[in-house]
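Q: Please take a close look at one part of this model, the salt bridges and the elements that they join. What surrounds them, and how is the neighbouring architecture arranged?

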Amino acid sequence: MEQDELKRQEDKCTQENPPACTAGCPIHLDARKLMLDIKNQDLNSALVTMQKKQPFPGIIGRICDHPCEDVCKRRDVGSSITISALERFCVQNFSGNIIKALKVPPKSQTVAVVGSGLRGLTAAYDLAKKGYKVSLFEKEDRLGGNLWKFSEHQLPPEVIIEELSVLNRLNIQIELSVAITRQELSKLQKTFNVVYLGFAKLSKDVNELLGDQCEVDQITCATPILGVFRGAILGNNSPINAVADGRRAAVSIDRYLQGVSMTASREGEGPHETKLYVNTNGISPLPAVQMSDPSSGYTPEEAVLEASRCLECQCLECVKACKYLENYGSYPKKYLRQIYNNDTIVMGMRHGNKMINSCSLCGQCAAVCPQGLNLGETCKATRESMVSKGKMPPSAHDFALRDMAFNNSEEFAFSRHQPGHHSSKYVFFPGCQLSASSPEQVEKVYAFLTEKLSGGVALMLRCCGAPADWAGNQDLFQTSLKALIAQWESLGKPQLIVACSTCHSMFRERFPEVVSLWEVMDKLDLPVQGVHVGGKVAVQDACTTRHEQVIQESVRHILTRLGYEIEELPYSKELTKCCGFGGLTSFANPELASKIVEERISESSTDYVAYCAMCRDNFASKGKRTFHLLDLIFGADLEKAAIRPRVGLSYRHENRAKLKSKFLYTLWKEASPAKEGAYRTISLLLNEEILEIMEERRILIEDIQKVIEQAERTGRKFINPDNGHSLANFRPVKVTYWVEYQAQEQSFVVLNVYSHRMEIVEESHE
């Protein structure tokens, strides 16, 4: 991924954009943080939060006219948070000392600020903090301008005096009772590098001082006179806008004195709309907390309750939906940067490999994201990039690719025209997972299709190549796809009918008129024994049908025809969740895959029905009553079908091989090719504990058979003299397997198994 593409993708994530209240505040007070501080009863932190943006929090906190409340998202579900009243609560109840700003090392440039209203005060404060030598001129005998017009109840005089004392600590030169005339302005221009006229509007003072040069740039606050700036927001008596106007001028003056652009990157100043998406669906409306004594403001208890109404606005729609995104504790914008850095690193550890390989690539994030950000696409592209450069360790996907190799070997792969036919209008492609999980259902479907469809229905067994595609191994995927296409073409290019949703997603852009089995069955008369069973089921949509509305509706129509009432899960159809198998998540991160399953099955107590074999098996493995759609269609023993355990990894291979053999023998009267390798004759005795270890460590029966066969044939094994147990290893490709075993009559008792990626190298004595 190039830098430009990274930036484009990062810009789609709105999580780091400010909430509406902050964006709507002219000085961008972090109201969300302030509400959290109050909720946590931490007034010290609350005052620090206020002072980060407010030059005089004791003043502003009492008189702010709160435009933030007009855009508060809580108003969509209740009424806006009374932010201004809570600011007032903070400054009235804080008993400590407000931390005063410290200035930076002094600069040589000088600035004259005329007028000590909020504009002038803010500009003087901000510029002095930056180290400029500031002189503040006020025609009255006290600082504050219109601040003294507020009632003593709202803004006590002692608060004004205390708050403005910070100007002395910043070494601002204060000149009271000094009226600036046009002549005096000319002197100031000669004496100071910059002059700022902090007047609120086009007044007599402005006209007298500037004459026909009183125009002002609304962005920079600059007048036509070089080095002279003035208030830009006119005709507005808003205190908070006055503060924002003074701050805007201070930024411009600083840039002017630094000799840099005064107009660049000013879009974020002042109130603006935010890109942050906040979903308020499902949030209960809450009215504002009423004050027991409005004249005194909120009590501490009332303030906590009111602040607690804050929605703490965030987007995180994808994180709420996806266990993978939640698991890593952040959000897509940060993940994108981590993925980019992991891919582009030249030297050092690639700590992001597991995160990149743990994504299901299912696209749910893009479906729920208001901007359509698809982190899965980035993860997949990064896998491909790293594999092509030899930078992706093979261990994460080694087993899945070996499984794919088996499925495309003579052990399982084959194709034939329907018995008695020399050509085929259709070809049924059940996929490798249904064939492993429920081979008997594959037999029933093929018999059903050959009975209902005319023109010949061929049968084609193999893997669609998804594991290689998901693993980022495009060379292997293209090789597999080429072989699959050749196999399909040898049948005369019939229309593909696929049972597996993943296969359908792999084929839809590569094969004309590929159709889902569920679309076909929805148009046919269903088996009589499956009709009107009835009941209620919750549908698990396969993630690879996310954008396949026809398939989703076909499944639901079939269930309706069978007499079932349908419950829609919280995330269904285009928003559906992956079961943890997609993208090879269960191979790269089995712990996360387990969490994904547990979360999904907890969403409803209703029995689930899936039309993906892996969804059904993964849910069943955690004790969730789950049917495969074919169980309902063909009228299986539903009680047994709902609790049927997941088929273990070893027996998935066996089921595929036996399915091919049975098809060849029963339908085409052919003998299945002999299984290669003497290891197949090794008889094993496996208890439940060993089978669980094998499943967890992804060790197959055939792996154990190969270890023992080689050890017994070559004598290369260790023998424990205390108990007679044998210990041997074998490395067929990239994984070394170890087996502890003991001979028992014509079989071998397996005592322990494990594997690792290290290679055992014999030391040469030559």
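A: Lys-577 is buried in this predicted model. Its relative accessible area is 7%, and because the limit for a buried residue is under 20%, Lys-577 meets it. The side chain of Lys-577 meets that of Glu-599 in a salt bridge, with 3.3 Å from N to O. Glu-599 belongs to helix H29 (residues 590-601), whereas Lys-577 sits in the loop between strand S12 (564-568) and helix H28 (585-588), so the bridge ties together parts that lie 22 residues apart in sequence. This pair also belongs to a network of salt bridges, in which Lys-577 and Glu-599 are linked with Lys-323, Glu-326, Arg-600 and Glu-603.

The structure holds 44 salt bridges. One of them joins Asp-522 to Arg-561, the closest N and O atoms being 3.5 Å apart. This pair links distant parts of the chain: Asp-522 is in helix H26 (residues 517-522) and Arg-561 is in helix H27 (residues 549-561), 39 residues apart. The two partners differ in burial. Asp-522 has a relative accessible area of 16% and is buried, whereas Arg-561, with 26%, is partly exposed. A further salt bridge connects Arg-616 with Asp-617, where the closest N and O atoms are 3.1 Å apart. Both Arg-616 and Asp-617 are buried.

Strand S12, which borders the loop of Lys-577, leads to the sheet. There, four strands form an open sheet in the order S12-S11-S13-S14, with parallel pairing. S12 and strand S14 (626-628) are the edge strands, each pairing on one side only. From one strand to the next, the twist averages 40 degrees. Within this sheet, strand S11 (residues 535-540) runs parallel to strand S13 (residues 608-610), and three bridges join the two. Ala-538 stands opposite Tyr-608 in S13.

Helices also pack on this sheet. H27, the helix of Arg-561, touches S11, S12 and S13, and its direction makes about 145 degrees with that of S12. Helix H30 (residues 613-620) lies across S11, S13 and S14 and runs at about 160 degrees to S14.

Parallel pairing also appears at strand S4 (residues 194-197), which pairs with strand S1 (residues 110-114) over four bridges. S4 likewise pairs in the parallel sense with strand S5 (residues 228-230), over three bridges. Tyr-196 has a partner in each of these pairings: Val-113 stands opposite Tyr-196, and in S5 the bridge partner of Tyr-196 is Phe-229. Along S4, Val-194 and Tyr-196 point one way while Val-195 and Leu-197 point the other way, and all are buried.

A contact between two helices completes this account. The axes of helix H4 (residues 43-51) and helix H6 (residues 83-93) come within 10 Å and cross at roughly 115 degrees. The crossing of H4 and H6 is left-handed. On the H4 side, Leu-43, Ala-46, Leu-47 and Met-50 take part, and they meet Glu-87, Phe-89, Cys-90, Val-91 and Asn-93 in H6. By class, this contact comprises seven nonpolar residues, one polar and one charged.

How values were computed. Residues numbered from 1 in each chain as written. Predicted model: local features only at pLDDT ≥ 70, side-chain atom pairs only at ≥ 80, totals over all residues. Heavy atoms only, no water. Axes fitted to C-alpha atoms, helices over the stretch in contact; angles between N-to-C directions. Left-handed = near helix turned anticlockwise from the far one by under 90°. Contact = heavy atoms within 4.5 Å. Nonpolar A, V, L, I, M, F, W, Y, C, P; charged D, E, K, R; others polar. Salt bridge = Lys/Arg side-chain N within 4 Å of Asp/Glu carboxyl O. Buried < 20%, exposed > 50% of the residue type's maximum accessible area, 1.4 Å probe, protein only. Pairing = 2+ DSSP bridges.
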